[in-house]
Amino acid sequence: MEPLIIVLLILTLYGISFYFKKRIVPKIKGAFGEYKVSSKLKRLNKNDYIILNNLLLKKGYSTTQIDHIVISKRGIFVIETKNYKGWIHGHENSEYWTQTIYKYKTRLRNPIKQNWVHVFALKKILSEYQYIKYYPIVVFAGNGKLKNVTTSLPVIYTRELLRTIKKTNNPEYLSHHQMRLIADKLTQHNVTNRKESRNHVKKIKTNVRERQKKENLKICPKCGNNLIIRKGKYGKFYGCQTFPKCKYTLNIY
Ligand SMILES: [Zn+2]
């Protein structure tokens, strides 16, 4: 064989194994951890807890993925699952945590911080339920040992999960009906697959483009009538011809 072909072959194999290690293996590990946790959660009483697994929520142009949500009468548990080996070290406020296997150290994103992002996304979607309490929980579902994790929030092993959920002693203030409504609302916001989420982004972009096109032609994007120059308190601007029926306005640049 030509030396060049051999080099190319080696590079290709190297690329494939790199991709497998970086992309495929973490996905399989992650899915396994999530499976372990969701089968644990199934044991919770269906009348008292509603469980939603693997939610992909729209967040403006992007999406955020939440491993598990448990809606209870006392509030909402937001669970982030990690599947790691080795020893885990980390602090509640630091950006990264470390995983040590023998003397090899790798870093991981602070899962508590990751989980706060999920809580904020939920708060935004459930903004009409201002009084709801959120309980973020990080679960280590692999063989990893939590060695030096300093936090005021629960960072636990899978076997402690149900106990942690049940021992929360905030008063019960949500009815089963309200829990159902919350679950329905979150399910409505769930983007069931990645393709749909890409389409969602595409659609928003097309809408913006179409609006700009109409604005350039001085056509009201809202109702299709003409935009005409109007004078207001703060100077001239474009307004819809049919005002006050349509209140669309556009700045003059
Ligand atoms: Zn209009």
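Here are some short exercises, with worked solutions, on the predicted model above.

**Exercise 1. Work out whether the chain is a compact globule or more spread out.**

Start with the parts list: five helices and twelve strands. Next, take the radius of gyration, which is 25 Å for this chain. The globule rule gives 18 Å for 253 residues, and 25 Å is well over that, so the chain is more spread out than a compact globule. For a feel of the dimensions, the C-alpha trace spans about 75 × 70 × 30 Å along its principal axes. Now look at the domains: domain 1 covers 24–192 and domain 2 covers 197–251. Their centres, taken over C-alpha atoms, sit 42 Å apart. To finish, check burial: 19% of the 253 residues are buried.

**Exercise 2. Find out which strands pair with β3, and in which sense.**

First locate strand β3, at residues 75–82. One partner is β2 (residues 62–72), which runs antiparallel to β3 and is joined to it by five bridges. The link from β2 to β3 is a hairpin through two residues, and you can spot the pairing where Ser-72 stands opposite Gly-75. Another partner is β7 (residues 134–140), and here the sense is parallel, with seven bridges. For a landmark on that side, find Thr-81 opposite Val-139. Last, ask how covered β3 is: eight of its eight residues are buried.

**Exercise 3. Work out which residues touch the most other members of the largest nonpolar core, and which elements contribute to this core.**

The core has 27 residues, and those touching the most other members are Ile-69, Val-70, Phe-77, Val-78, Ile-79 and Val-139. The elements giving two or more residues to this core are α1 (3–41), β2, β3, α2, β7, α3 (161–166) and α4 (176–189). Now zoom in on Ile-79. Leaving out residues up to four places away in sequence, Ile-79 touches Val-37, Asp-67, His-68, Val-70, Ile-137 and Val-139.

**Exercise 4. Decide why Arg-109 and Val-117 fall into the burial classes they do.**

Take Arg-109, which belongs to strand β6 (residues 104–109). Arg-109 has 12 other C-beta atoms within 10 Å. The exposed class takes 12 or fewer, so Arg-109 is exposed. Arg-109 still has contacts beyond its neighbours within four places in sequence: Tyr-96 and Gln-114. Tyr-96 is 13 residues from Arg-109 along the chain, yet their C-alpha atoms are separated by 4.6 Å.

Then take Val-117, in helix α2 (residues 111–125). Val-117 has 13 C-beta neighbours inside 10 Å, so it counts as partly exposed. As a distance check, Val-117 and Gly-142 are 25 residues apart along the chain, with 23 Å between their C-alpha atoms.

**Exercise 5. Work out the strand order of the open three-stranded sheet, and which strands are at its edges.**

The order is β10-β11-β12, with antiparallel pairing. The edge strands are β10 (227–232) and β12 (249–251), since each pairs on one side only. From one strand to the next, the twist averages 40°. Now follow one pairing: β10 and β11 (residues 235–240) are joined by six bridges and run antiparallel. To find that pairing on screen, look for Gly-232, whose bridge partner in β11 is Gly-235.

**Exercise 6. Find what share of the chain's contacts join residues at least 24 apart.**

Keep just the contacts between residues at least 6 apart in sequence. Of these, 54% join residues at least 24 apart.

Key
Residues numbered from 1 in each chain as written. Predicted model: local features only at pLDDT ≥ 70, side-chain atom pairs only at ≥ 80, totals over all residues. Helix = DSSP H or I, 4+ residues; strand = E, 2+ residues; numbered from the N terminus. Buried ≥ 20, exposed ≤ 12 C-beta atoms within 10 Å, placed from the backbone. Pairing = 2+ DSSP bridges. Contact = placed C-beta atoms within 7 Å. Core = buried A, V, L, I, M, F, W, Y, C linked by C-beta atoms within 7 Å. Axes fitted to C-alpha atoms, helices over the stretch in contact; angles between N-to-C directions. Domains from an automatic or database assignment. Rg over C-alpha atoms; globule rule 2.2 N^0.38 Å.
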